[in-house]
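Q: Please take a close look at one part of this protein, the residues under the "binding site" annotation, and describe how they are placed.

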Amino acid sequence: CLRPRPAEAERLGPLLLQRSQEAKVAAYCPYSRFAVGAALLTASGQIFSGCNVENACYSLGVCAERTAIQKAVSEGHTSFKAMAIASDHEDNFIVPCGACRQVMREFGRDWDVYLTKPDGTYIVKRLEELLPLSFGPEDLRKL
Ligand code: THU
């Protein structure tokens, strides 16, 4: 289990949240105007951030969560402890889309996702809660 211990989570939560808010500043979202930032904590303690990157060919836009994961994986990190996600939405905790949940799940079901609001409040969900009964790498090995 890679989830931070409660004492560690108390310290890491606010740090990850801050880093996700900072990442949001770079969001390239001229079409939706919906800026999102993500900060991903690796098992080795590094933080990779990401923002959404949209495209004039709308369907090619990428979410902040996947940007962060691709940055981390392409630098050799595949074990994750937690991710924080930030948006400008005052009223709702930002939630990851279904595609991002599946991409996150590739790297385990037992790590934490901090769903935040701009005021710094958040709720924490495990991947397993965000994507129950999921299909993952282990399923391919059953054949
Ligand atoms: N978006 C994210 O980056 N992450 C989410 O959790 C939800 C949606 C992006 C995709 C698109 O650029 C914009 O927000 C509007 O959907």
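A: Cys 97 is partly exposed in this predicted model, because its relative accessible area is 31%, which falls between the 20% limit for buried and the 50% limit for exposed. Cys 97 sits in the loop between β3 (80-87) and α3 (98-105). Not counting residues up to four places away in sequence, Cys 97 touches Cys 63 and Arg 66.

The annotation itself comes from UniProt, where an unreviewed entry marks Cys 63, Cys 97 and Cys 100 as "binding site". These residues span 38 residues in sequence, yet no two of their C-alpha atoms are more than 8.4 Å apart, so they gather at one spot. Of the annotated residues, Cys 63 and Cys 97 are included in the lining of the largest pocket.

Cys 100 belongs to helix α3. Its relative accessible area is 0%, so Cys 100 counts as buried, the limit for that class being under 20%. With neighbours within four places in sequence left aside, Cys 100 is in contact with Cys 63, Glu 65 and Arg 66. Cys 63 and Arg 66 therefore appear in the contacts of Cys 97 as well as in those of Cys 100, while Cys 97 is partly exposed and Cys 100 is buried.

Apart from the annotated residues, there is a surface feature to note. Tyr 28, Tyr 31, Val 53 and Tyr 58 make a nonpolar surface patch of about 450 Å². Within this patch, Val 53 is found in the loop between β2 (47-51) and α2 (64-74), and its relative accessibility of 37% is why Val 53 counts as partly exposed.

Methods. Residues numbered from 1 in each chain as written. Predicted model: local features only at pLDDT ≥ 70, side-chain atom pairs only at ≥ 80, totals over all residues. Heavy atoms only, no water. Patch = residues over 30% accessible without salt bridge, like charges linked within 9 Å, V, L, I, M, F, W, Y side chains within 5 Å. Areas by Shrake-Rupley, 256 points an atom, 1.4 Å probe, with all protein chains shown as cover. Salt bridge = Lys/Arg side-chain N within 4 Å of Asp/Glu carboxyl O. Helix = DSSP H or I, 4+ residues; strand = E, 2+ residues; numbered from the N terminus. Buried < 20%, exposed > 50% of the residue type's maximum accessible area, 1.4 Å probe, protein only. UniProt positions renumbered as here; feature names shortened; annotations may be inferred. 1 Å grid on protein atoms, 1.4 Å probe; cavity = no way out; pocket = protein on both sides within 12 Å on 5 of 7 lines; lining within 4 Å. Contact = heavy atoms within 4.5 Å.
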